[in-house]
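Visitor: Could you walk me through this protein and show me how each label is earned?

Guide: Gladly; here is the model, so let us look at it together.

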Amino acid sequence: MKKIWIIAVALMMGTTVAFAQTDEPKNEFSVAWGGLSNSQVLNTFMDVFSAAFESIVNKGTKWDDVADFGTISAEYFHHVSPVVSLGAIGVYNIHNRDLQKDGKTIGSNNRSFITLLPAIKFSWLRKNSWGMYSKLGAGASLLVSKEKTDATPSSEAIDNTKCSVLFNFQVSALGVEFGRSLRGFCEAGFGEQGVFLVGLRYRF
């Protein structure tokens, strides 16, 4: 019986030492830029609707000079196993546009999406200098919409701020990363970070 216990303890110690020698960094922090996000798609629909409304109610007015630079995101993950990591994703997107009448700017509309997504990541291919993974996150976005317009013959001046909370998510079906402690990466999927995103990741 003692021999069995000695063998079992020796195997456990050997496994622990071997795992420690090949153990990968347990934490990672990333920053990324993405395009074609959920908020950008929603902004497009809202712009089309409001443009149609303005063309009917206020003749000669139109929304123009739209500025949307994509999403900026940051994320942190902690490896609970070599394959599975748990963490969170923060995403920010801003969408600006101007209301014009006869070539003159008479108003503006600014929409900001601030998103927090608890997430899980699966690192299903791990090499010393590169890897492949998938990622899933679900949470909520705070939409802050600020609208300001001058008075027109058919409407009063507007100056208000509206806030709303929306469900949001990110599904990255395929992610590829290259490097060691500092890695560059790109992902393809859909959600608030975007259909595609690129960034840098630091593992520690």
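Guide: Read along the sequence, the pattern is α-β-α-β-β-β-β-β-β-β-β, which comprises two helices and nine strands. Please keep in mind that this is a predicted model.

Visitor: How many residues does the protein have, and what share of them is buried?

Guide: The protein has 204 residues, and 35% of them are buried. The exposed surface comes to about 11,800 Å², with carbon and sulfur atoms supplying 70% of it. As for contacts with a separation of 6 or more, 63% are between residues 24 or more positions apart.

Visitor: What makes strand 5 and strand 6 a pair?

Guide: Two strands pair if DSSP finds at least two bridges between them. Strand 5 (residues 104–126) and strand 6 (residues 130–149) have 16 bridges, in the antiparallel sense, so they meet the requirement of at least two. One example is phenylalanine 122, whose bridge partner in strand 6 is serine 134. The two strands form a hairpin, with three residues between them.

Visitor: How many bridges join strand 6 to strand 7?

Guide: Strand 6 is joined to strand 7 (residues 158–179) by 19 bridges, and these two strands run antiparallel. Here leucine 136 stands opposite valine 171 in strand 7.

Visitor: Why is the contact between glutamate 28 and lysine 121 called a salt bridge?

Guide: The label requires a side-chain nitrogen of Lys or Arg within 4 Å of a carboxyl oxygen of Asp or Glu. For glutamate 28 and lysine 121 the N to O distance is 2.5 Å, so the pair is within the 4 Å cut-off. This pair links distant parts of the chain, with glutamate 28 in strand 1 and lysine 121 in strand 5, 93 residues apart. Both glutamate 28 and lysine 121 are buried.

Visitor: Which salt bridge do arginine 201 and glutamate 28 make, and what is its N to O distance?

Guide: Their side chains meet in a salt bridge at 3.4 Å, N to O, which is also within 4 Å. Because arginine 201 lies in strand 9 and glutamate 28 in strand 1, the pair ties together parts that are 173 residues apart in sequence.

Visitor: Why are arginine 201 and glutamate 28 called buried?

Guide: Buried means under 20% relative accessible area. Arginine 201 has 0% and glutamate 28 has 2%, so both values fall under that 20% limit.

Visitor: How do you know that glutamate 187 forms a salt bridge with arginine 201?

Guide: The closest N and O atoms of glutamate 187 and arginine 201 are 3.8 Å apart, and the cut-off is 4 Å, so the pair qualifies. Glutamate 187 is in strand 8 (residues 182–191) and arginine 201 in strand 9, 14 residues apart. Glutamate 187 is buried, as is arginine 201.

Visitor: Which residues are linked in a network of salt bridges?

Guide: The network links Glu28, Glu75, Lys121, Lys135, Glu177, Arg183, Glu187 and Arg201. A search of the whole structure finds eight salt bridges.

Visitor: What makes the nonpolar surface patch, and how is valine 31 eligible for it?

Guide: The patch, about 690 Å², is made by Phe29, Val31, Tyr76, Leu182, Leu200, Tyr202 and Phe204. Strand 1 (27–35) and strand 9 (196–203) are the elements giving two or more residues to it. Valine 31 lies in strand 1. Its relative accessible area is 41%, and patch residues need over 30%, so valine 31 passes that part of the test.

Visitor: Why is leucine 142 called partly exposed?

Guide: Partly exposed covers the range between the 20% and 50% limits. Leucine 142, in strand 6, has a relative accessible area of 33%, so it belongs in that middle class. Not counting residues up to four places away in sequence, leucine 142 touches Ser112, Phe113, Ile114, Cys163, Ser164 and Val165. Its C-alpha atom is separated by 6.5 Å from that of leucine 166, 24 residues along the chain.

Visitor: Why is cysteine 163 called exposed, and cysteine 186 partly exposed?

Guide: Cysteine 163 has a relative accessible area of 55%, and exposed means over 50%, so the label fits. Cysteine 186 stands at 37% and therefore counts as partly exposed.

Visitor: How many disulfides are there?

Guide: A disulfide needs a pair of cysteine sulfur atoms within 2.5 Å, and by this rule the count is zero.

Technical notes. Residues numbered from 1 in each chain as written. Predicted model: local features only at pLDDT ≥ 70, side-chain atom pairs only at ≥ 80, totals over all residues. Heavy atoms only, no water. Patch = residues over 30% accessible without salt bridge, like charges linked within 9 Å, V, L, I, M, F, W, Y side chains within 5 Å. Areas by Shrake-Rupley, 256 points an atom, 1.4 Å probe, with all protein chains shown as cover. Helix = DSSP H or I, 4+ residues; strand = E, 2+ residues; numbered from the N terminus. Buried < 20%, exposed > 50% of the residue type's maximum accessible area, 1.4 Å probe, protein only. Contact = heavy atoms within 4.5 Å.
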